[in-house]
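Visitor: Please take me through one part of this model in close detail, and then carry on from there to whatever else is worth seeing. I'm happy with a long answer.

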Amino acid sequence: MNILDIIAKKRDKKELTKEEIEFFVKGYTDGSITDYQASALVMAIYINGMNEREITDLTLSMAYSGDVLDLSSIGEVVDKHSTGGVGDKITLILMPIVASLGIPVAKMSGRGLGFTGGTVDKLESIPGYNTNVPVDEFIQNVKKIGISLIGQTLNLAPADKKLYALRDTISCTESIPLIASSIMSKKIASGANKIVIDVTCGSGAFMKDVESAKELARVMTKIGELAHKETKCVITDMNEPVGYAVGNTLEVIEAIDILKGKYLPKDIKHIITELGANMLVLANKAGNLEEGKAKILENLQNGKGYEKFVELVQNQGGDISFIENTDKFAKAKYIIPIIAEKSGNIVKLDALNVGKLSVYLGAGRMKKEDDIQKEVGFIFHKKVGDKVEKGDVLGYIHSNDEEKAKQVLKSQIYEIM
Ligand code: URA
């Protein structure tokens, strides 16, 4: 077997065998297959697709390309994953609530890449919070307090790590076989028994329309079934940013305010109840979705989710005085208002545009090794559908660089009609 024949086969729209897929994944992981050969094959997959059998073989091959975590000593773990977006702080809000309802949460999250944010960067905005703990401590934490949220410290699905980085540099991110195998390989390797996936859909997501989001959901559900991991997908809107804050510290503060019961944006209420209810049903903690939604809201409103979040931060070494008093978080040097230039209704607050502008301000990274500025980003006061008057403050740009803030202000953030 050789890689040139495998590339040619997919280039010519033929089906790859399990052995050929395994040969590729193993060779790319150990370095015997080069980046340019992998790029050619990935582009051929992007253009010509894969059938379900090929996607499953690719997923399993990537899942077993490194360590596979054994969480059986914790019990039944229901994991949650999002296909990515802008302002997505759902893990920070939902997972403590779920843990407070007695479902063990053992979750490894990623960093932001491109215009999308990542939970690990957000957690690291909390002074002292350690996202990098060894696996036995991670498992001990879950046994002790029912929750641990950390980064991908283990050698989990290294084939996906390499392929994901490669895809990002050759314009091959938005592909159903490649996204489905990337996500499901990580979920299988991270040891969850059951999985709930937030399939985001819209300008700020990889899936731009509902039909593709449905197809991605169908494929991931099927892979889960074949891998004996019950999987539920929920399609959520990502045309505008989630909630009112975008940027690492700003999102952490919004998550804390929501857990404290200060307010609950409509979109966040929808996402946490939909995902949470599915998690509770899968874990047999709710008889149906309606009961599950009620339980999620109950433990948000009675403060049990907040208490669990505080316990989580303390247990990971974080300074909880920042959680108790969010005014302690460092602020950006310049906080500049976005003013409505005319009266009307907000018709657009484009998530992709906001994500790209946040990266420009320094909130995200374009390359894995880039540094980020935790305190920069946006606070929006108005969202799509809101009526505004000329001169109203629509939101604030948080920047450490005045020139950059001015540039951002010049770009069209809101569309008013
Ligand atoms: N998230 C992942 O983990 N992989 C993808 O390919 C896309 C989103």
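Guide: Let's begin with the open sheet of three strands, whose order is 10-8-12 and whose pairing is antiparallel. Its edges are strand 10, residues 387–388, and strand 12, residues 414–416, each with pairing on one side only. Strand 8 sits between strands 10 and 12 in the order. Strand 8 covers residues 344–349 and runs antiparallel to strand 12, with three bridges joining the two. If you would like a spot to zoom in on, find Lys-348, which stands opposite Glu-415 of strand 12. Please keep in mind throughout that this is a predicted model.

A second sheet deserves the same treatment. This one is also open, but it has four strands, in the order 6-9-11-7, again with antiparallel pairing. Strand 6 (245–246) and strand 7 (334–339) are the edge strands, each pairing on one side only. Follow strand 7 and you will find six bridges to strand 11, residues 393–399, with the two strands running antiparallel. Within that pairing, Pro-337 has Tyr-396 of strand 11 as its bridge partner. Packed on this sheet is helix 16, residues 351–361, which touches strand 6, strand 9 (377–380) and strand 11. The direction of helix 16 makes about 135° with that of strand 9.

Helix 16 also leads us to an enclosed space. The structure holds two cavities of 30 Å³ or more, and the largest of them contains about 140 Å³ of space. Helix 16 gives the largest share of that cavity's lining, namely three residues. Helix 6 and helix 11 (248–259) join helix 16 in supplying at least two residues each. In total 20 residues line the largest cavity, and those nearest its centre are Phe-115, Thr-116, Gly-117, Ser-358 and Ala-363. Sorted by class, the cavity lining has twelve polar, five nonpolar and three charged residues.

Helix 6 then takes us on to the largest pocket, since helix 6 (119–123) supplies at least two residues of that lining as well. The space in this pocket comes to about 1,000 Å³. Among its 43 lining residues, Ser-109, Gly-110, Arg-111, Gln-152 and Lys-186 are the closest to the centre. Strand 1 (78–82), strand 2 (105–109), helix 8 (158–169) and helix 9 (176–189) each give at least two lining residues too. Helix 9 contributes the most, with five residues. The pocket lining divides into 21 polar, 14 charged and eight nonpolar residues.

From the pocket, helix 8 points us to a helix pair. Helix 2, residues 18–30, has an axis that comes within 9 Å of the axis of helix 8, and the two cross at roughly 80°. Helix 2 is therefore roughly perpendicular to helix 8. On the helix 2 side the contact uses Phe-24, Val-25, Tyr-28 and Thr-29, and helix 8 answers with Pro-158, Ala-159, Lys-162, Leu-163 and Leu-166. Seven of these residues are nonpolar, one is polar and one is charged.

One more helix pair rounds off the tour. Helix 5 (residues 90–100) and helix 13 (residues 289–301) have axes that come within 9 Å and cross at roughly 100°. That crossing angle is why helix 5 counts as roughly perpendicular to helix 13. Here Leu-94, Ile-97, Val-98 and Ser-100 of helix 5 meet Ile-296, Asn-299 and Leu-300 of helix 13. By class, this contact has five nonpolar and two polar residues, with no charged ones.

Note on methods: Residues numbered from 1 in each chain as written. Predicted model: local features only at pLDDT ≥ 70, side-chain atom pairs only at ≥ 80, totals over all residues. Heavy atoms only, no water. 1 Å grid on protein atoms, 1.4 Å probe; cavity = no way out; pocket = protein on both sides within 12 Å on 5 of 7 lines; lining within 4 Å. Points joined across faces, edges and corners; volume = space filled by probe spheres on them. Nonpolar A, V, L, I, M, F, W, Y, C, P; charged D, E, K, R; others polar. Pairing = 2+ DSSP bridges. Contact = heavy atoms within 4.5 Å. Axes fitted to C-alpha atoms, helices over the stretch in contact; angles between N-to-C directions. Parallel < 35°, antiparallel > 145°, perpendicular 65-115°, else oblique.
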